[in-house]
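Visitor: I'm new to reading protein models, so could you walk me through this one?
Guide: Sure, let's bring it up and take it bit by bit.

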Number of protein chains: 2
Amino acid sequence: MKVALLGLGSVGQGIASMVLKKGLGITITGLADSKSGIIDAKGINIEEILVRKRGGNPAGDTSVSAMDVVQNADYDVLVEVTPTNISTGEPARTHITSALRKGRHVVTSNKGPIALHHRELLTLADTHHVSLRYEATVCGAIPIIHILEHGLLGNQVKALHGIMNGTCNFILTRMSEEGLSYEQALAEAREMGYAEADPSYDVKGIDPAIKLVILANAIWNLGVTLHEVEITGIDQITPEALRLAGEDDATIRLIAEAIPARQLLRVSPRILPRSHPLVVKGTLNAVTLETDMAGSLTFIGRGAGSIETASAIIGDILFIREQYDGCS
Amino acid sequence: MKVALLGLGSVGQGIASMVLKKGLGITITGLADSKSGIIDAKGINIEEILVRKRGGNPAGDTSVSAMDVVQNADYDVLVEVTPTNISTGEPARTHITSALRKGRHVVTSNKGPIALHHRELLTLADTHHVSLRYEATVCGAIPIIHILEHGLLGNQVKALHGIMNGTCNFILTRMSEEGLSYEQALAEAREMGYAEADPSYDVKGIDPAIKLVILANAIWNLGVTLHEVEITGIDQITPEALRLAGEDDATIRLIAEAIPARQLLRVSPRILPRSHPLVVKGTLNAVTLETDMAGSLTFIGRGAGSIETASAIIGDILFIREQYDGCS
């Protein structure tokens, strides 16, 4: 399986290092970071690239761009893991559409183009008889999109509820368990590397709302957008509210939920019994699906991380190989 | 998709009623209960059959046997949901091998042949270029086999831990929450229909051990058998033990676990913190996989039930269709 890899940040380096370590029948024939690119049909020396990146150097030739790699490399699957732009989806959207138009499969962790242009991109993939897979855009290592698309065939999914932001869940866990204030817990999350310098994308609930949009469109093909999600963040939660919940053996979690029959698409802090399957700790993510035959199913796992996201990307690449190889 | 259905107990009737209700592109062309059979290439009138069964009558013609259906019906997939015999695997094993030898796919909920003859049956399926799927043999509606086979490609599973018996979990939940004795909780489980008249298959840990064997062989192809599982049941657990665990905010659950690196294959009651993801309530099942890239993943859902098991069977049938249709 020949792969062109765009993006060599934490996720891109995670993918490269796993391919280097495990082989997996994957050869990287094209590669680009934000400033440079390499094309080598015989397979790029990944070890050398990783050493260069860790030394703070560009991965390849500064005269080669990501679009050069998309257009000129010899690959079966484009792996798009450049930084997300949630307003325009660019430049990932152009990378993805160009590869699909060339009849190449695409696997991405990039939330922007999937949240903004899901239907258009999947239609384009269909037209060109290739796959577009995006497991890594939601809930890290939990193979939730795969389960929805292939693991519960015949079931109708009636509702989805989940904890889709590890930063918020970490903050709420610490506030609940240690009686910390929101500000104290946020400071701790920053120290641990779980929160950005500007945490608003997480704590205001934007990030889980984007994931909710991606999942809702994946399940029901509703074509919904971020503007349709009713969003409340966690930045107004007080230790007092958590203490009161605790008195009833309950706690507070930031829940993303979609129930099409009630036209509900919402991210908001909710009081849940401590024994509820969605009440996970720390940076974990959890998703519950309500289905007509399988009943209620809950999936729990790590929602972020370089290797965890690489796991989702690699799972998608190898599932494409399985699907297309099974036919030969 | 033409299906021959062997077995019209609770699971078989669940499958038939879901096919009747939802269509799903499935036509039942052959069918047998313990005393009779029907073959109709144009599709059997399921509604009529279900009425007959509910009236206590044989489903079909008493001169037609299950093996007649296997040999003479026109079908793509044999669905084997006759009662399990864990000593011999029969008659399911003969039904399954006969269908595979005819080049037909097989989907089963029957633990006997899968626990006893996993490698032999999968080899036979491979030889005849067909699928043998058995999602419904373990953990009810949780698509755990599917996730292991297709949802985490590229990952190495290092360990498996789970709650795989709803009867035991119900009894332990009731003992823990209400301070009931084992005998009281068992009586309650019987009243609710969760325990058999002779509950030893469940409470002695045999049932979860069989599921552990099936999962361990599915993941690692170890060819292990029930004799290799170290088994302790729950019938010696006292309310006092649960009370003591409760004092440390912990509880007791019957955990099945497999760790090949430590040659560990065990079913035993374990003390777990109440907040542990595997501590689910009532008749729920839960499975945790420890993997090298995706980290620790937990899956929770209903472990039994007519429609839940039908969900697993139907998911397998439709995944076979997806795999083979994708090629045409």
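Visitor: Let's start with R174(A): is it buried, partly exposed or exposed?
Guide: Keep in mind that this is a predicted model. Buried means under 20% relative accessible area and exposed means over 50%. R174(A) comes out at 23%, so it falls in between and counts as partly exposed.

Visitor: Which residue does R174(A) form a salt bridge with?
Guide: Here's the general idea: side chains of opposite charge can pair when their charged atoms come close. For R174(A), the closest N and O atoms of the pair are 2.5 Å apart. R174(A) sits in helix α7 (residues 166–178) of chain A, and the other residue sits in helix α8 (residues 182–191) of chain A, 14 residues apart. That partner is E188(A).

Visitor: How many residues apart in sequence are R93(A) and E120(A)?
Guide: These two form a salt bridge, with the closest N and O atoms 2.9 Å apart. R93(A) belongs to helix α4 (residues 92–101) of chain A and E120(A) to helix α5 (residues 111–127) of chain A, so the pair ties together parts separated in sequence by 27 residues.

Visitor: And E120(A), is it buried, partly exposed or exposed?
Guide: The cut-offs are the ones we just used: under 20% for buried, over 50% for exposed. E120(A) has 36% relative accessibility, so it counts as partly exposed.

Visitor: E149(A) and R133(A) form a salt bridge too, so which elements does that pair tie together?
Guide: The closest N and O atoms of E149(A) and R133(A) are 3.4 Å apart. The two residues are 16 apart in sequence, so the pair ties together helix α6 (residues 144–151) of chain A, home of E149(A), and, for R133(A), strand β6 (residues 132–133) of chain A.

Visitor: Is R133(A) buried or exposed?
Guide: To count as buried, a residue has to be under 20%. R133(A) has 6% relative accessibility, so it counts as buried.

Visitor: Which residue is linked with R133(A) and E149(A) in a network of salt bridges?
Guide: We've already met the bridge between E149(A) and R133(A). The network also takes in a residue further along in the numbering, D316(A).

Visitor: Now for the two chains: how much area is buried between chain A and chain B?
Guide: The contact takes 40 residues from chain A and 40 residues from chain B. Carbon and sulfur atoms give 62% of the buried area. In chain A, L153(A), M293(A) and I300(A) lose the most area, together 20% of what that side buries. The total between the chains is about 3100 Å².

Visitor: Which residue of chain B meets D292(A) in a salt bridge?
Guide: There are 2 salt bridges between chain A and chain B. In this one, the side chains come to 2.2 Å, N to O, and the residue that D292(A) meets is K22(B).

Visitor: Which element gives the largest share of the side of chain A that touches chain B?
Guide: The elements giving two or more residues to that side are α1 (10–22), α6, β12 (296–302) and α12 (306–325) of chain A. The largest share is 8 residues, and it comes from α12(A).

Visitor: Last one: what is the bridge partner of T298(A) in β12(B)?
Guide: β12(A) pairs with strand β12 (residues 296–302) of chain B in the antiparallel sense, over 3 bridges. Within β12(B), the partner of T298(A) is I300(B).

Note on methods
Residues are numbered from 1 along each chain as its sequence is written. Chains are lettered from A and ligands numbered from 1 in the order in which they are written. This is a predicted model: local features need pLDDT of at least 70, side-chain atom pairs count only at pLDDT 80 or more; totals for chains, interfaces and linings use all residues. Side-chain values use heavy atoms; hydrogens and water are left out. A salt bridge is a side-chain nitrogen of Lys or Arg within 4 Å of a carboxyl oxygen of Asp or Glu. Helices (H or I, at least four residues) and strands (E, at least two) are DSSP runs, numbered from the N terminus. Buried means under 20% relative accessible area, exposed over 50%, partly exposed in between (1.4 Å probe, protein chains only). Contact means heavy atoms within 4.5 Å. Buried area is the accessible area (1.4 Å probe) that two parts lose on being put together, summed over both. Two strands pair if DSSP finds at least two bridges between them.
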